[in-house]
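Biologist: Please take a close look at a single helix of this model and at what surrounds it. I should like one connected account.

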Amino acid sequence: MLTQVEVEGSLYQEDAVADIEEMFGDAFIYENNNGNPAISRAVLKAFHAISDDNVVWERGERMWRKRESSDEPGRQQY
């Protein structure tokens, strides 16, 4: 996931879910309360640990992207 963000500049959640499912199976994804496929909390925790503060979650777009100088503090951007 981190490599994808670093190389491409962003990673959409639905693409990440599909890639994780294909590479590692269903054990690392689940269906969230809205019925959408999601990434397990353990995977997200590991991703956050290695991405430091260089990656932000763009909530409206449901994607991770590289931090920009104009971003607000914190990981979540709106």
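Modeller: Helices here are DSSP runs of H or I with at least four residues, numbered from the N terminus. The model is a predicted one, and the helix chosen is α3, which spans residues 41-51. Within α3, the residues Val 43, Phe 47 and Ser 51 are buried. These three lie on the same side of α3, because the arc they cover around the axis is only 60 degrees. Arg 41, Ala 42, Lys 45 and Ala 49, by contrast, are exposed on the other side of the helix.

The cover over the buried residues of α3 comes from both helices and strands: it includes α1 (2-8) and α2 (13-24), together with β3 (37-39), β4 (55-58) and β5 (63-66). After α3 comes Asp 52, with a positive phi near 45 degrees.

Two of these covering elements lead on to further features. Helix α2 contains Phe 24, which is exposed at a relative accessible area of 53%. Phe 24 joins Met 23 and Phe 28 in a nonpolar surface patch, and together they have about 350 Å² of accessible area.

Strand β5 is followed by the loop between β5 and β6 (76-77), where Asp 71 is found. Asp 71 has a relative accessible area of 15%; it is therefore buried, as the cut-off is under 20%. Its side chain makes a polar contact of 2.8 Å with the side chain of Arg 65. A polar atom of the Asp 71 side chain also lies 2.7 Å from the backbone nitrogen of Glu 68.

Notes
Residues numbered from 1 in each chain as written. Predicted model: local features only at pLDDT ≥ 70, side-chain atom pairs only at ≥ 80, totals over all residues. Heavy atoms only, no water. Buried < 20%, exposed > 50% of the residue type's maximum accessible area, 1.4 Å probe, protein only. Helix = DSSP H or I, 4+ residues; strand = E, 2+ residues; numbered from the N terminus. Arc of directions from axis to C-beta. Contact = heavy atoms within 4.5 Å. Patch = residues over 30% accessible without salt bridge, like charges linked within 9 Å, V, L, I, M, F, W, Y side chains within 5 Å. Areas by Shrake-Rupley, 256 points an atom, 1.4 Å probe, with all protein chains shown as cover. Salt bridge = Lys/Arg side-chain N within 4 Å of Asp/Glu carboxyl O. Polar contact = N/O pair within 3.5 Å; in protein donor to acceptor, adjacent residues only side chain to side chain.
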